[in-house]
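Biologist: Mind if we go through this one together? Pull it up and I'll start asking.

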Amino acid sequence: MASNISDQQFTKSFIIFVVLGVVLTLFLVFLGNLNAGTITDRVRGERNEMAQSVSGSNSLQPVGQISVGQQPESASQTTQVAAATPTIDGASVYQSACMACHAAGVAGAPKMGNADVWSDRIAQGTETLYSRAIGGFQGKSGMMPPKGGNMALSDDEVKAAVDHMIAQSQ
Ligand code: HEC
């Protein structure tokens with residue numbers, strides 16, 4: 001009888017012990033997962049920060065970011081450039097890059113609006129004037145710097161300015 005009771009007590013405490021063990025294990029597994037998740041998040045956050053600190057160069061992207069959008073983006077940029085070409089305003093290019101010399105005839109520059117100085121030059125042909133304006137030209141009266149010294153101008157912008165100067169000087 002006495003051994004029966006102690007058997008029952010042993011079984012009871014054994015079950016409690018096992019149940020507690022299982023609960024404790026589950027709890028630890030849960031804690032571990034929680035912690036692992038936090039660390040992963042933190043590492044990801046740091047990577048994103050690093051990627052952002054060099055942003056602009058676009059050399060580093062946050063993990064898993066795929067730039068699917070770039071194709072249509074550059075395509076639309078090309079369209080914009082193509083569309084912008086016909087709308088170049090020769091007069092404003094002239095004002096920003098050529099006027100400094102060609103308005104007053106500084107340093108031997110043919111003065112815009114003076115048909116006498118321009119007639120011989122225009123007689124050379126528009127292509128010659130274009131290429132001299134774009135590539136620069138050392139003539140008898142002075143030195144025409146390439147693109148008027150403004151290398152940021154596109155060839156088409158310089159041509160538009162030449163067209164403007166010719167139109168104003170005939
Ligand atoms: C730093 C002064 C200066 C600037 C700025 C300048 N030019 Fe000139 N340009 C000259 C001079 C000087 C000549 C004359 C060279 C010669 O015939 O001896 C000249 C000549 C020219 C000619 C005539 C070339 C020829 O074959 O007779 C054209 C066209 C011309 N410039 C266009 C431009 C355009 C377009 C710009 C602006 C994008 C510009 N220039 C800006 C100084 C300048």
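Biologist: Let's start with a loop. Lys 147 lies in the loop between which two elements?

Modeller: Keep in mind that this is a predicted model. Lys 147 isn't in a helix or strand; its loop runs between β2 and α6.

Biologist: And what's the phi of Lys 147 near?

Modeller: Most residues other than glycine have a negative phi. Lys 147 isn't a glycine, yet its phi is positive. The value is near 55 degrees.

Biologist: Is Lys 147 buried or exposed?

Modeller: The cut-off for buried is under 20% relative accessible area. Lys 147 has 12%, so the lysine counts as buried.

Biologist: Ala 107 has a positive phi too. Is Ala 107 buried or exposed?

Modeller: Ala 107 has a phi of about 55 degrees, and its place is in the loop between α3 and α4. Exposed means over 50% relative accessible area. Ala 107 has 63% relative accessibility, so the label is exposed.

Biologist: Let me step back to the overall fold. In what order do the elements run from the N terminus on?

Modeller: The secondary structure comes to 6 helices and 2 strands. Going from the N terminus, the order is α-α-α-α-α-β-β-α.

Biologist: What share of the residues of the protein counts as buried?

Modeller: The accessible surface is about 12,200 Å², with 60% of it belonging to carbon and sulfur atoms. As for burial, the protein has 170 residues, and the share that counts as buried is 15%.

Biologist: What about contacts with a separation of 6 or more: how many of them, in percent, come from residues 24 or more positions apart?

Modeller: Take the contacts in the protein with a separation of 6 or more as the whole. Residues 24 or more positions apart account for 49%.

Biologist: On to the ligand. Which residues around the ligand come nearest?

Modeller: The space the ligand takes is the largest pocket. Elements giving two or more residues to the shell around the ligand are α3 (90-102), α4 (115-123), α5 (126-135), β2 (143-144) and α6 (155-168). There are 29 residues around the ligand, and those that come nearest are Cys 98, Cys 101, His 102, Arg 121 and Met 144.

Biologist: How many Å lie between an oxygen atom of the ligand and the polar backbone atom of Lys 140?

Modeller: Two arginines use side chains here: a polar side-chain atom of Arg 121 lies 2.7 Å from a ligand oxygen, and one of Arg 132 also lies 2.7 Å from a ligand oxygen. Lys 140 uses a polar backbone atom instead, and its distance to an oxygen atom of the ligand is 3.2 Å.

Biologist: His 102 is on your list of nearest residues. Which residue's backbone oxygen does the side chain of His 102 reach?

Modeller: His 102 has its place in helix α3 and, with a relative accessible area of 9%, is buried. Not counting residues up to four places away in sequence, its contacts include Tyr 94, Trp 118, Met 144 and Met 165. The side chain comes to 2.9 Å from a backbone oxygen, and that oxygen belongs to Pro 110.

Biologist: One last histidine: which residues does His 164 touch, leaving out those up to four places away in sequence?

Modeller: His 164 is found in helix α6 and is buried at 18% relative accessible area. With those sequence neighbours left out, His 164 touches Gly 90, Ala 91, Tyr 94 and Met 112.

How values were computed:
Residues numbered from 1 in each chain as written. Predicted model: local features only at pLDDT ≥ 70, side-chain atom pairs only at ≥ 80, totals over all residues. Heavy atoms only, no water. Helix = DSSP H or I, 4+ residues; strand = E, 2+ residues; numbered from the N terminus. Buried < 20%, exposed > 50% of the residue type's maximum accessible area, 1.4 Å probe, protein only. Contact = heavy atoms within 4.5 Å. Areas by Shrake-Rupley, 256 points an atom, 1.4 Å probe, with all protein chains shown as cover. Near = heavy atom within 4 Å. Polar contact = N/O pair within 3.5 Å; in protein donor to acceptor, adjacent residues only side chain to side chain. 1 Å grid on protein atoms, 1.4 Å probe; cavity = no way out; pocket = protein on both sides within 12 Å on 5 of 7 lines; lining within 4 Å. Sits in = over half its atoms within 2 Å of the grid points.
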